[in-house]
Amino acid sequence: MISPKSKVSKARTGHRRSQWKLKPLNLSACPQCHVLKSPHRVCAECGYYNGRPVIAIKDNRN
(Lines give C-alpha, C1' and ligand atoms only; values in the text may rest on other atoms or scores of the structure.)
Protein backbone atom coordinates (compact mmCIF):
# COMPACT_ATOMS: atom_id res chain seq x y z
CA MET A 1 0.00 0.00 0.00
CA ILE A 2 1.36 3.41 -0.91
CA SER A 3 1.42 6.03 1.83
CA PRO A 4 2.00 9.78 1.53
CA LYS A 5 5.64 10.92 1.78
CA SER A 6 4.80 13.90 3.98
CA LYS A 7 1.91 15.61 5.72
CA VAL A 8 -0.26 17.99 3.72
CA SER A 9 -0.65 21.18 5.73
CA LYS A 10 -4.02 22.73 6.60
CA ALA A 11 -3.14 25.82 4.58
CA ARG A 12 -2.41 23.77 1.46
CA THR A 13 -5.65 21.83 1.90
CA GLY A 14 -7.55 25.10 2.40
CA HIS A 15 -6.05 26.66 -0.76
CA ARG A 16 -7.12 23.63 -2.76
CA ARG A 17 -10.63 23.56 -1.31
CA SER A 18 -11.15 27.30 -1.74
CA GLN A 19 -12.06 26.68 -5.40
CA TRP A 20 -15.09 24.54 -4.45
CA LYS A 21 -17.61 27.34 -4.65
CA LEU A 22 -21.03 27.48 -6.27
CA LYS A 23 -21.55 29.68 -9.29
CA PRO A 24 -24.62 31.93 -9.42
CA LEU A 25 -27.40 30.85 -11.77
CA ASN A 26 -27.19 32.38 -15.22
CA LEU A 27 -30.77 33.47 -15.93
CA SER A 28 -32.22 35.27 -18.92
CA ALA A 29 -35.65 36.73 -19.60
CA CYS A 30 -38.07 34.81 -21.80
CA PRO A 31 -38.84 36.92 -24.91
CA GLN A 32 -42.52 35.86 -24.81
CA CYS A 33 -43.57 36.22 -21.17
CA HIS A 34 -40.47 37.95 -19.67
CA VAL A 35 -40.07 35.43 -16.83
CA LEU A 36 -36.51 34.56 -15.78
CA LYS A 37 -35.43 31.14 -17.07
CA SER A 38 -32.25 29.22 -17.83
CA PRO A 39 -30.84 29.97 -21.28
CA HIS A 40 -31.33 27.35 -24.02
CA ARG A 41 -34.27 25.77 -22.17
CA VAL A 42 -38.01 25.75 -22.83
CA CYS A 43 -39.82 28.35 -20.72
CA ALA A 44 -41.85 26.62 -18.01
CA GLU A 45 -44.40 29.44 -17.90
CA CYS A 46 -45.38 29.80 -21.57
CA GLY A 47 -43.83 26.70 -23.22
CA TYR A 48 -41.98 28.67 -25.92
CA TYR A 49 -38.44 28.05 -27.19
CA ASN A 50 -36.75 30.09 -29.92
CA GLY A 51 -39.98 31.97 -30.66
CA ARG A 52 -42.07 28.85 -31.23
CA PRO A 53 -44.48 26.95 -28.95
CA VAL A 54 -42.85 23.66 -28.04
CA ILE A 55 -44.95 22.30 -25.18
CA ALA A 56 -48.57 22.94 -24.23
CA ILE A 57 -48.95 24.45 -20.77
CA LYS A 58 -52.14 23.73 -18.84
CA ASP A 59 -53.70 26.81 -17.29
CA ASN A 60 -54.54 25.92 -13.67
CA ARG A 61 -55.40 29.46 -12.54
CA ASN A 62 -58.94 29.41 -11.15
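Which backbone oxygen lies 3.0 Å from a polar atom of the side chain of Thr-13? Select Thr-13 to find out, bearing in mind that this is a predicted model. The partner is Ser-9, whose backbone oxygen sits at that distance from the Thr-13 side chain. Thr-13 belongs to helix 1, which covers residues 10–17. Thr-13 counts as buried because its relative accessible area is 16%, and buried means under 20%.

Next, move along the chain to Leu-22. This residue is in the loop that joins helix 1 to strand 1 (28–29). With a relative accessibility of 85%, Leu-22 is exposed. Keep Leu-22 selected and add Lys-37: their C-alpha atoms are 18 Å apart, with the two positions 15 residues apart along the chain.

Now stay on Lys-37. Strand 2, made of residues 36–37, contains this lysine. Lys-37 is buried, yet it has no salt bridge. Where is the nearest side chain of opposite charge? That side chain belongs to Glu-45, 12 Å away. A salt bridge would need a side-chain nitrogen of the lysine within 4 Å of a carboxyl oxygen, so Glu-45 at 12 Å does not provide one. What the Lys-37 side chain does reach is the backbone oxygen of Arg-41, at 3.2 Å. Show the surroundings as well: leaving out residues up to four places away in sequence, Lys-37 touches Asn-26, Leu-27, Ser-28, Cys-30 and Cys-43.

Cys-43 is the next selection. This cysteine is in the loop between strand 2 and strand 3. Its relative accessible area is 1%, so Cys-43 is buried. Its contacts, again without residues up to four places away in sequence, are Cys-30, Cys-33, Lys-37 and Tyr-48. Cys-30 is thus touched by Cys-43 and also by Lys-37. To relate Cys-43 to a later part of the chain, draw a line from its C-alpha atom to that of Val-54: the separation is 9.2 Å, for 11 residues along the chain.

Go back to the loop between strand 2 and strand 3 and pick His-40, which is placed there too. His-40 is exposed, at 64% relative accessible area. Its phi is near 65°, a positive value in a residue that is not glycine. Most residues other than glycine have a negative phi.

A second case of positive phi is at Asn-50, where the angle is about 60°. Asn-50 is in the loop between strand 3 and strand 4 (52–53). Is Asn-50 buried or exposed? It is exposed, with 61% relative accessible area.

From there, step back to Tyr-49, in strand 3 (residues 48–49). Tyr-49 is partly exposed because its relative accessibility is 34%, which falls between the limits of 20% and 50%. Which residues join Tyr-49 in a nonpolar patch on the surface? Select Val-42, Val-54, Ile-55 and Ile-57 along with it; together the five have about 390 Å² of accessible area. Val-54 is also the residue used above for the distance from Cys-43.

The last stop is Ala-56, in the segment that follows strand 4. Ala-56 is exposed, with a relative accessible area of 78%. How many Å separate its C-alpha atom from that of Lys-5? The separation is 61 Å, and the two residues are 51 apart along the chain.

Key
Residues numbered from 1 in each chain as written. Predicted model: local features only at pLDDT ≥ 70, side-chain atom pairs only at ≥ 80, totals over all residues. Heavy atoms only, no water. Patch = residues over 30% accessible without salt bridge, like charges linked within 9 Å, V, L, I, M, F, W, Y side chains within 5 Å. Areas by Shrake-Rupley, 256 points an atom, 1.4 Å probe, with all protein chains shown as cover. Helix = DSSP H or I, 4+ residues; strand = E, 2+ residues; numbered from the N terminus. Buried < 20%, exposed > 50% of the residue type's maximum accessible area, 1.4 Å probe, protein only. Lys, Arg positive; Asp, Glu negative; His and termini not counted. Polar contact = N/O pair within 3.5 Å; in protein donor to acceptor, adjacent residues only side chain to side chain. Contact = heavy atoms within 4.5 Å.
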